[in-house]
Amino acid sequence: MELGTFSVSLGVKDIEKSLDFYLKFGFEIIDGGHMNEEFADTDTDKWRILRNGTTNIGLFQGVFDGNILTFIHTDLRPLQAELKAAGVQFDTEADMTTTGPCSATLTDPDGNAILFDQHY
């Protein structure tokens, strides 16, 4: 089962402080509300996606509380069907009657949020 590209999405208090910290580890900003007109930053909500090699971290200020394990998949709907057939319970599901961008969420037994996301 291919889950997709993994990243950790962190709910941060101060995106500038978090950026300063993670950029010291060699991460580079590859996307964010400052460069993405469709999902632009607001006065209260800001986000950046960082990459170092194959490691991705999302920093999200004001967007959500807590941290989320994120899997970016190119074709989420078949994966969702496979996981459901294995008995995985979803909190929200991708609409199986549509195509294109979608997402699905679930919570693991310890309360950790997991997001499956398809951008295209």
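Reader: How much space lies in the largest pocket?

Author: Keep in mind that this is a predicted model. The lining of the largest pocket is a mix of 15 nonpolar, 12 polar and five charged residues. As for the space in that pocket, the figure is about 1,100 Å³.

Reader: Which residues are closest to the centre of the largest pocket?

Author: Strands 1, 2, 3, 4, 5 and 7 each give two or more residues to the lining. There are 32 lining residues, and the closest to the centre are Trp47, Ile49, Ile72, Asp117 and His119.

Reader: OK, Ile72 then. Which residue stands opposite Ile72?

Author: Look at how strand 5 is paired: with strand 1 the sense is antiparallel, over six bridges. In strand 5, Ile72 has as its opposite residue Thr5.

Reader: And on the strand 7 side, which residue stands opposite Leu69?

Author: Strand 5 pairs with strand 7 too, in the parallel sense over five bridges. Across from Leu69, in strand 7, you'll find Ile114.

Reader: What about His73, is that residue buried or exposed?

Author: His73 sits in the loop between strand 5 (67-72) and helix 2 (76-85). Buried means under 20% relative accessible area. His73 comes in at 12%, so this residue counts as buried.

Reader: Which residue has its backbone oxygen 3.0 Å from a polar atom of the His73 side chain?

Author: Setting aside neighbours within four places in sequence, His73 is in contact with Glu2, Leu3, Gly4, Leu79, Asp117, Gln118 and His119. The backbone oxygen that lies 3.0 Å from a polar side-chain atom of His73 belongs to Glu2.

Note on methods: Residues are numbered from 1 along each chain as its sequence is written. This is a predicted model: local features need pLDDT of at least 70, side-chain atom pairs count only at pLDDT 80 or more; totals for chains, interfaces and linings use all residues. Side-chain values use heavy atoms; hydrogens and water are left out. Helices (H or I, at least four residues) and strands (E, at least two) are DSSP runs, numbered from the N terminus. Buried means under 20% relative accessible area, exposed over 50%, partly exposed in between (1.4 Å probe, protein chains only). A polar contact is a pair of N or O atoms within 3.5 Å; within protein, one must be able to donate a hydrogen and the other to accept it, and residues adjacent in sequence count only if both atoms are side-chain atoms. Contact means heavy atoms within 4.5 Å. On a 1 Å grid over the protein atoms alone, a cavity is a set of points where a 1.4 Å probe fits but cannot get out, and a pocket is an open set with protein on both sides within 12 Å along at least five of seven lines; lining residues have an atom within 4 Å of a point. Grid points are joined across faces, edges and corners, and a volume is the space filled by probe spheres set on the points. Ala, Val, Leu, Ile, Met, Phe, Trp, Tyr, Cys and Pro count as nonpolar, Asp, Glu, Lys and Arg as charged, and the others, Gly among them, as polar. Two strands pair if DSSP finds at least two bridges between them.
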